[in-house]
Amino acid sequence: TVKKAVNIVHLFARHLRPTMLDDLGLIPALHAYAKSFSKRTGIRVGLTAFAGIENVNGPKRTALYRVALEALANVASHAQATRADVSFQRVPGGLLMQITDNGKAFDVDGVLHANESKRLGLIGMRERMEMVGGKFSIVSVPGTGTTVNAQVRSRTDAKECTRT
């Protein structure tokens with residue numbers, strides 16, 4: 001029915017950009033998502049950030065949120081990991097978000113050159129970061145896991161906060 005289709009679209013839209021992201025900020029939105037992700041998948045997620053992260057503008061905040069969700073979805077689907085960590089660090093002129101996991105690694109170049117259906121998530125993350133003037137990279141090492149790096153230019157301040 002039309003009503004059911006509209007409800008599905010609304011649910012999808014809220015997942016892509018929850019009102020919590022605008023109302024409370026990036027860290028509370030990621031914390032809520034990480035909590036539900038852990039409950040749903042059994043993969044523990046740690047979150048480390050600093051108060052100044054909320055100074056990131058709306059489009060950059062949304063891009064970082066979506067990259068984190070896609071990276072965690074990849075962890076759940078492919079990594080066979082038991083733990084993932086989302087961390088934010090100050091870097092000169094901006095901030096760096098890293099999503100790391102303790103799962104199996106993968107051949108980044110091989111996936112990036114694979115058929116389109118296998119690489120859409122990685123390409124989408126890179127494009128999101130490029131659209132806001134950011135940088136994106138992935139490092140994957142057998143026996144260590146994978147790290148997704150998303151960096152944006154921003155002004156930040158000093159308080160640090162950790163949640164698990």
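**Exercise 1. The overall layout**

How many helices and strands make up the secondary structure of the chain? Work out their order as well.

*Solution.* Keep in mind that this is a predicted model. Start by counting: the chain has six helices and six strands. Next, walk along from the N terminus, and the elements read α-α-α-β-α-β-β-α-α-β-β-β. Then turn to burial: of the 164 residues in the chain, 39% are buried. Finish with the contacts: among those with a separation of 6 or more, 68% link residues 24 or more positions apart.

**Exercise 2. Asparagine 149**

Decide whether asparagine 149 is buried or exposed, then find its polar partner.

*Solution.* First, place the residue: asparagine 149 belongs to strand β5, which covers residues 145-153. Second, check its accessibility: the relative accessible area is 12%, so asparagine 149 is buried, the cut-off being under 20%. Third, list its neighbours beyond four places in sequence: asparagine 149 touches Leu96, Met97, Gln98, Lys135, Phe136, Ser137 and Val139. Fourth, pick out the polar partner: the side chains of asparagine 149 and glutamine 98 make a polar contact at 2.6 Å. As a last step, take valine 139, ten residues away from asparagine 149 in sequence; the C-alpha to C-alpha distance is 8.2 Å.

**Exercise 3. Serine 140**

Which polar contacts does the side chain of serine 140 make with phenylalanine 106 and threonine 146?

*Solution.* Begin with the location: serine 140 sits in strand β4, residues 135-141. Its relative accessible area is 16%, so serine 140 also falls under the 20% limit and is buried. Now go through the two partners. A polar atom of the serine 140 side chain lies 2.9 Å from the backbone nitrogen of phenylalanine 106. With threonine 146 the contact is side chain to side chain, at 2.7 Å. To complete the surroundings, add the touching residues more than four places away: Ala105, Phe106, Val108, Gly145 and Thr146.

**Exercise 4. Two loop residues**

Where do glutamine 80 and proline 142 lie, and are they buried or exposed?

*Solution.* Take glutamine 80 first. This residue lies in the loop between α4 and β2 (83-91). Its relative accessibility is 66%, so glutamine 80 is exposed, the threshold being over 50%. Now look at the backbone: phi of glutamine 80 is positive, about 55°, although the residue is not a glycine. For context, most residues other than glycine have a negative phi.

Proline 142 comes next, in the loop between β4 and β5. With a relative accessible area of 71%, proline 142 is exposed too. Its C-alpha atom is 6.3 Å from that of lysine 104, a residue 38 positions away along the chain.

**Exercise 5. The largest pocket**

Which element gives the most to the lining of the largest pocket?

*Solution.* Start with the volume: the largest pocket holds about 420 Å³ of space. Then look at the lining, which consists of 19 residues, with Asn74, His78, Phe106, Val111 and Leu122 nearest the centre. Sort the lining by element: α4 (58-79), β3 (94-101), α6 (116-131) and β5 each give two or more residues. The answer is α4, which gives six residues.

**Exercise 6. Rings**

Find how many aromatic pairs the structure has, and which ring the charged end of arginine 90 sits over.

*Solution.* Searching the whole structure turns up one aromatic pair. As for arginine 90, its charged end sits over the ring of phenylalanine 50, at 4.7 Å from the ring centre.

Methods
Residues numbered from 1 in each chain as written. Predicted model: local features only at pLDDT ≥ 70, side-chain atom pairs only at ≥ 80, totals over all residues. Heavy atoms only, no water. Helix = DSSP H or I, 4+ residues; strand = E, 2+ residues; numbered from the N terminus. Buried < 20%, exposed > 50% of the residue type's maximum accessible area, 1.4 Å probe, protein only. Contact = heavy atoms within 4.5 Å. Polar contact = N/O pair within 3.5 Å; in protein donor to acceptor, adjacent residues only side chain to side chain. Phe/Tyr/Trp six-rings, centres within 6.5 Å; stacked < 30°, edge-to-face > 60°. Lys NZ or Arg CZ within 6 Å of the ring centre and 35° of its normal. 1 Å grid on protein atoms, 1.4 Å probe; cavity = no way out; pocket = protein on both sides within 12 Å on 5 of 7 lines; lining within 4 Å. Points joined across faces, edges and corners; volume = space filled by probe spheres on them.
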